[in-house]
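Reader: I have a model open and would like to learn how to read its strands and helices. Could you take me through some features, one at a time?

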Amino acid sequence: MLRTVITAAVGLTLAAGCAPDSEAPVRVSVLARSSNGQYVPTQVELTTIEDIVGLKGSVGDLQGGARIVIDANDPALQNATVDTLEDVLLKKTGHDVKASYISQKDPTTGQDVLWPADFHSWNMVTSYYNLERANEYFRTVANVKVASFEPTPRLYYFPEFIQAQSSKEPARDNAIFYPVLQSFLVLPFDQIQRAPLPLNAAVMAHEYSHLVFNRLAYATQSLPVSLSTWSAESPSPGANVLKSFDEGLADYHAYGATCRSPSGCDPRFLASSFDGGPFSAVTDARDLSNGNRCMSALLYNRLYGLDVGSFSGEGSEYQVGTLLATALYQAGRSSGQEAQLQRAIVSAYYDTDPSNPGIYQLSQLVLGNQSLFTLAVPASAIISHITDLELRKAVCNEFMDHLQIPRADLIGDNLCPPSTAGGTTCPNIFQ
C-alpha cells in the first residue's frame with residue numbers, strides 16, 4: 001500500500017531540483033500517520049539534522065550496505081572481547097546513505113519543502129524523523145538528560161543481518177535495537193507491506209526505548225554485566241525478569257509516544273503495521289487496552305524456572321512484558337496521570353540515591369544471587385519513584401493483580417501504602 005502512496009507522491013511533486021540545505025530546521029515531507037489513521041505524505045521540520053542527504057544528526061546516523069553476522073561457530077566471535085566484538089560482527093561496515101530530494105515551494109506558506117525523490121529516500125528520511133520524535137518524547141515527557149543519548153547511535157538501513165543459528169538467510173521484516181553495536185537495524189521488508197516497521201513511529205519509539213533502557217538500566221553496557229552473568233546460569237530468573245521489563249516498558253513507552261501524534265493515544269499501535277497481514281495476531285497479543293490479561297501459574301513457573309534461552313525462545317518475555325505494560329496502562333488511565341507515570345518509570349532506571357536506588361543499582365546489589373531479583377525488585381523501583389500517592393496506589397494494585405506480585409513484597413516505606421489491596425481481575429495463582 002505504501003509503495004503506491006510513495007510513487008504517487010513523487011509523481012505529483014516533480015519540480016526543478018536544487019542542492020538541499022542541511023542547516024536545521026529543514027522542512028521535508030515524510031510518511032506519517034494522520035488524524036484519521038492513514039499514512040500520508042506530511043510536511044515536518046527536522047530539528048536535529050546536520051546532513052539531510054547523508055541523514056546524520058544528533059539522534060541518529062544512517063548507514064547503508066552493512067553486513068552483520070552472528071554465528072556462534074565463528075572462531076573470531078569465540079575469541080572476541082568487548083572491545084573487538086563490533087569488528088567481528090560487522091563483516092561489512094557499510095557506507096553513508098545518500099537520499100535524493102526534489103525541492104518545491106509550499107503554495108500556502110511559500111517555504112521550500114524537500115520531497116524525497118525515490119522509495120528509499122522516503123523510507124530513510126521517515127526513519128530519521130521517527131527517531132527524532134522518539135528522542136523528543138524521552139527528553140520532554142520522560143525528562144531524560146541529553147547526555148544520556150550520547151554517543152549518537154547508528155541506524156543500519158537495510159543491512160544483511162544474519163543469525164546463523166536461526167537461518168543462513170538475512171532476516172527481514174523487523175526493526176531492532178541491537179545493544180552489542182549500540183545501534184538500530186531497519187531490515188528490508190517482505191511480508192509487512194501495510195506500514196513497514198520503520199514508518200510506524202510507535203515501533204521506532206519501542207526500539208528507542210530499548211536504547212534508553214540500555215543507557216540507564218544497563219549503564220550503556222553493550223554486554224550488560226547482569227544479563228551476561230545471569231544468563232550463564234540455569235535457571236536464569238533474574239535475566240528473565242530484566243528482559244521482560246525491558247520489553248514491557250518499551251511497549252508502554254511506544255504507547256506513550258503515540259499520545260503526542262495527530263492520531264492520538266493508541267494502545268493497539270502495532271495494528272497499522274500488522275493487521276490484515278501474516279502477523280495480525282501480534283496486534284491482539286500486545287494490545288494494552290485488554291485489561292483481562294493475567295499471570296498464569298505456567299508463565300510464572302517459566303519465568304523463574306527456565307534458562308534465558310528457553311524462556312526467550314517461546315516468546316515468554318513478551319508475554320510477561322505485555323502484562324507489565326497492561327498494568328501500567330490501566331494505572332495511568334485510571335488515575336489520569338500517564339505523563340507523570342512515564343516520567344517516574346524512566347527515573348527509576350538509574351538512581352544513585354542509596355535510599356531510593358534505581359533498577360541498575362538494585363541489579364548490581366544482587367549480582368551474585370539472581371534469585372533475589374524477582375519481579376518485585378524492578379517493580380519496587382518504579383513504585384518508589386512515583387511521588388503522587390494515588391498514582392502509586394493505582395500502580396501497586398495493578399502490579400499485584402496482573403503480575404501476581406505478592407502484596408508483602410511491595411508494602412513498605414516509600415512503596416505501596418498499607419491500604420493497597422490489589423485488583424480483582426485476576427485469580428490468585430498461589431492459592
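Author: Happily! Let us start with a hairpin: E13 and E14 form one, with four residues between them. In the turn, glutamine 182 has a positive phi of about 50°. Keep in mind as we go that this is a predicted model.

Reader: How many bridges join E13 to strand E14, and do they run parallel or antiparallel?

Author: The general idea comes first. Strands of a sheet pair through backbone hydrogen bonds, either parallel or antiparallel. In this hairpin, E13 (residues 175–178) and E14 (residues 183–186) run antiparallel and are joined by four bridges. To see one pair, select alanine 175: its bridge partner in E14 is valine 186.

Reader: Which residues point one way from strand E13, and which the other way?

Author: Ala175 and Phe177 point one way, while Ile176 and Tyr178 point the other way. All four of these residues are buried.

Reader: Let me stay with tyrosine 178 in strand E13. Why does tyrosine 178 count as buried?

Author: The cut-off for buried is under 20% relative accessible area. Tyrosine 178 has a relative accessible area of 14%, so it is buried. Beyond its neighbours within four places in sequence, tyrosine 178 is in contact with Ile70, Leu89, Ser183 and Leu185. You can also look along the chain: leucine 211 is 33 residues away from tyrosine 178, with 8.5 Å between their C-alpha atoms.

Reader: In what order do the three strands of the open sheet come?

Author: The order is E7-E6-E12, and the pairing is mixed. Strand E7 (90–92) and strand E12 (160–163) each have a single partner strand, so they stand at the edges, and one side of each is left without a neighbour in the sheet. On average, neighbouring strands of this sheet are turned by 20° against each other, direction ignored.

Reader: How many bridges join strand E6 to E12?

Author: There are four, and E6 (residues 67–70) runs parallel to E12. For a pair to click on, take valine 69, which stands opposite isoleucine 162 in E12.

Reader: Now the helices, please. At what angle do the axes of helix H7 and helix H15 cross?

Author: Here is the general idea. Two packed helices are described by the angle between their axes and the distance between the axes. For H7 (residues 237–258) and H15 (residues 376–384), the axes cross at roughly 45° and come within 10 Å. The two helices are therefore oblique to each other. H7 brings Val241, Phe245 and Leu249 to the contact, and H15 brings Pro378, Ala379 and Ile382. By class, this contact has six nonpolar residues, no polar and no charged ones.

Reader: Which residues in H5 meet H7?

Author: They are Ala202, Ala205, His206, Ser209, His210 and Phe213. On the H7 side the list includes Leu242, Asp246, Leu249 and Thr258. The residues of this contact divide into eight nonpolar, five polar and three charged. As for geometry, the axes of H5 (residues 201–216) and H7 come within 8 Å and cross at roughly 135°. That angle makes H5 oblique to H7, and the crossing is right-handed.

Reader: Is the crossing of H12 and H16 left-handed or right-handed?

Author: The crossing of H12 and H16 is right-handed. The axes of H12 (residues 316–335) and H16 (residues 389–402) come within 9 Å and cross at roughly 145°. Among the residues of H12 that take part are Leu323, Leu324, Gln330 and Ser334, and they meet a set in H16 that includes Leu391, Val395, Glu398 and Phe399. Divided by class, the contact of H12 with H16 has nine nonpolar, four polar and one charged residue.

Reader: Let us finish with single residues. Where is asparagine 130 found, and why does asparagine 130 count as buried?

Author: Asparagine 130 is in helix H4 (residues 119–140). Its relative accessibility is 2%, so it counts as buried. Leaving aside neighbours within four places in sequence, asparagine 130 is in contact with Pro198, Leu199, Asn200, Ala201 and Met204.

Reader: And where does tryptophan 115 lie?

Author: Tryptophan 115 lies in strand E10 (residues 112–116). At 13% relative accessibility, tryptophan 115 counts as buried. Its C-alpha atom is 5.2 Å from that of tyrosine 101, and the two residues are 14 apart in sequence.

Conventions: Residues numbered from 1 in each chain as written. Predicted model: local features only at pLDDT ≥ 70, side-chain atom pairs only at ≥ 80, totals over all residues. Heavy atoms only, no water. Buried < 20%, exposed > 50% of the residue type's maximum accessible area, 1.4 Å probe, protein only. Contact = heavy atoms within 4.5 Å. Axes fitted to C-alpha atoms, helices over the stretch in contact; angles between N-to-C directions. Parallel < 35°, antiparallel > 145°, perpendicular 65-115°, else oblique. Nonpolar A, V, L, I, M, F, W, Y, C, P; charged D, E, K, R; others polar. Pairing = 2+ DSSP bridges. Left-handed = near helix turned anticlockwise from the far one by under 90°.
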